[in-house]
Amino acid sequence: MKKNIILLLLIPVMVLSGCTKKTSTDESDVSTNSKEPYYVDEYCNIYENGLIYHQNDTLRYMNFDTMESTVFCPKPNCSHNTSECIAKMIEGNSFIYNNYMYYFDAKEGVNETPEGSEFFIDSKLKKVSLETSEIEVVSEFTDCEPDGHGNDYVIDGNLLYFCGNDMNPEKGEFGGVDYANAGGVFSVCSINLDTGEYTNYGSIYNGEEYPGMERSAGANFKGLYNSKLYIQYSFMKEYDDSFEGDARDQFTILNFEFDLKTHEIKQSELPDGSHMGDDFYVYSNYPENSTTILDKDKKYIVEGADAGIMGKYFNGKLFINNEWYDVKDNSHHSLGEEYAFFSILTTYDKYYIFATGNNSKFIKLTEEELLALDKGE
């Protein structure tokens with residue numbers, strides 16, 4: 001049976017690594033068959049001129065040109081009210097490649113056999129034709145499932161990279177099987193989108209084991225920087241589900257990097273990042289109340305700003321929740337009362353795109369409109 005545990009990895013604290021495009025004017029960089037590797041975040045999945053996101057268990061698309069939202073379903077004449085709807089069927093992120101929408105379908109559980117209880121994983125990568133709505137299975141594998149049903153991943157040419165989770169199965173005292181989404185083996189995996197070939201490159205963490213890891217350890221992709229994929233691995237040395245305060249005081253946080261060319265996994269010398277792109281990297285200096293930004297050959301330290309959960313970097317500005325800092329002069333600005341519950345998602349064309357935490361409302365602002373909200377402190 002599924003273990004009754006609370007997953008306390010740093011997802012609520014650090015996972016929002018933000019949307020980063022190579023440029024804000026060339027949206028084709030994250031559309032079908034990009035020549036450069038790109039990262040897709042659970043909370044910011046950009047395709048062409050808009051955002052693919054979930055709301056009320058339905059996949060939707062927000063068009064940044066019109067700022068109108070529609071159900072993201074290619075099925076003609078679909079009512080979007082039944083489980084047959086593609087937008088209802090997809091639990092994790094989807095993406096477009098060669099005129100198909102791809103998504104993961106993973107199940108796990110326990111089968112009772114004459115030999116006893118046996119744990120199973122049934123993971124599939126599926127694709128839906130945007131022309132015919134026909135669903136096909138691209139690849140199947142049973143050694144792990146995409147963590148969070150494929151919430152965060154990297155696409156490099158025809159290779160899809162994702163974090164695999166073996167679901168930590170263990171035989172119980174009386175022969176039953178327990179399993180959970182924390183504490184097991186987390187690995188980097190890939191699927192060739194043209195051939196369906198699946199590859200598991202091995203465990204992300206192979207270090208010292210601690211008692212609390214079985215109930216708290218987890219991993220998730222954070223982004224791409226300098227052609228390397230960065231992965232957060234976090235755990236409690238001693239498990240405690242009653243702690244209060246900042247989770248970073250309770251968890252050990254390790255930062256790993258995966259080389260897309262050599263497929264080597266190693267611990268990074270950089271601290272765990274909150275936002276990164278081809279030529280910039282943002283990280284909190286916690287417990288010191290400041291944030292470091294590596295931007296090409298320059299290094300900025302923004303005092304009084306903890307990148308923490310929401311720190312994102314665009315156009316020389318560090319955005320944290322409904323505030324932002326000019327990294328060159330360290331000036332502090334806010335979005336004002338009207339947009340107090342909005343946080344930045346990405347930039348598009350000449351606009352900054354913001355949304356509420358549940359993606360129920362979106363706005364886009366020009367540079368002039370952003371500056372007009374607050375003259376700074």
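**Briefing on a predicted protein model**

Contacts between residues 24 or more positions apart make up 51% of the protein's contacts with a separation of 6 or more. The structure is a predicted model, and its secondary structure consists of four helices and 31 strands. The points below cover the overall form, the confidence of the prediction, two groups of strands and one helix residue.

**Overall form**

- The radius of gyration of the protein is 21 Å, which agrees with the value near 21 Å that a compact globule of 377 residues would have.
- Taken along the principal axes, the box filled by the C-alpha atoms is roughly 70 × 55 × 40 Å.
- Of the 377 residues in the protein, 54% are buried.
- The exposed surface of the protein comes to about 17300 Å², and 45% of this area is supplied by carbon and sulfur atoms.

**Confidence of the prediction**

- The protein has a mean pLDDT of 88, with 90% of its residues at 70 or more.
- Residues 4–18 have a pLDDT that stays under 50, and the model gives this stretch 65 contacts beyond four places in sequence.
- Residues 21–32 are likewise a stretch with pLDDT below 50, and the model has 29 contacts for these residues beyond near neighbours in sequence.

**Strand β22 and its partners**

- Strand β22 covers residues 280–284, and five of its five residues are buried, so the strand is largely enclosed by the rest of the structure.
- F280, V282 and S284 point one way from β22, whereas Y281 and Y283 point the other way; all of these residues are buried.
- Strand β21, made up of residues 275–276, pairs with β22 in the antiparallel sense through two bridges.
- Three residues lie between β21 and β22, and the two strands form a hairpin.
- Within this pairing, H275 stands opposite V282 of β22.
- Strand β23, which spans residues 290–295, also pairs with β22 in the antiparallel sense, here over five bridges.
- The connection from β22 to β23 is a hairpin of five residues.
- V282 has I293 as its bridge partner in β23, while H275 stands opposite V282 in the pairing of β21 with β22.

**The sheet from β25 to β28**

- Four strands form an open sheet in the order β25-β26-β27-β28, and their pairing is antiparallel.
- β25 (312–314) and β28 (332–334) stand at the edges of this sheet; each has a single partner strand, so one side of each is left without a neighbour in the sheet.
- On average, neighbouring strands in this sheet are turned by 30 degrees against each other, with direction ignored.
- β25 and strand β26 (residues 317–320) run antiparallel and are joined by three bridges.
- In this pairing, F314 stands opposite K317 of β26.
- Strands of a sheet pair through backbone hydrogen bonds, in either a parallel or an antiparallel arrangement.

**Residue A87 in helix α2**

- Helix α2 comprises residues 86–89 and includes A87.
- A87 has 0% relative accessibility and therefore counts as buried, the cut-off for this class being under 20% relative accessible area.
- Apart from neighbours within four places in sequence, A87 is in contact with D57, T58, L59, V71, F72 and C73.
- A87 and D57 are 30 residues apart along the chain, and 8.2 Å separates their C-alpha atoms.

Definitions and conventions. Residues are numbered from 1 along each chain as its sequence is written. This is a predicted model: local features need pLDDT of at least 70, side-chain atom pairs count only at pLDDT 80 or more; totals for chains, interfaces and linings use all residues. Side-chain values use heavy atoms; hydrogens and water are left out. Two strands pair if DSSP finds at least two bridges between them. Axes are lines fitted to C-alpha atoms, for helices over the stretch in contact, and angles run from 0 to 180 degrees between N-to-C directions. pLDDT is the predictor's confidence in each residue, from 0 to 100. Contact means heavy atoms within 4.5 Å. The radius of gyration is taken over C-alpha atoms; the globule rule is 2.2 Å times the number of residues to the power 0.38. Buried means under 20% relative accessible area, exposed over 50%, partly exposed in between (1.4 Å probe, protein chains only). Accessible areas come from the Shrake-Rupley method with a 1.4 Å probe; for residues, only the protein chains shown count as cover.
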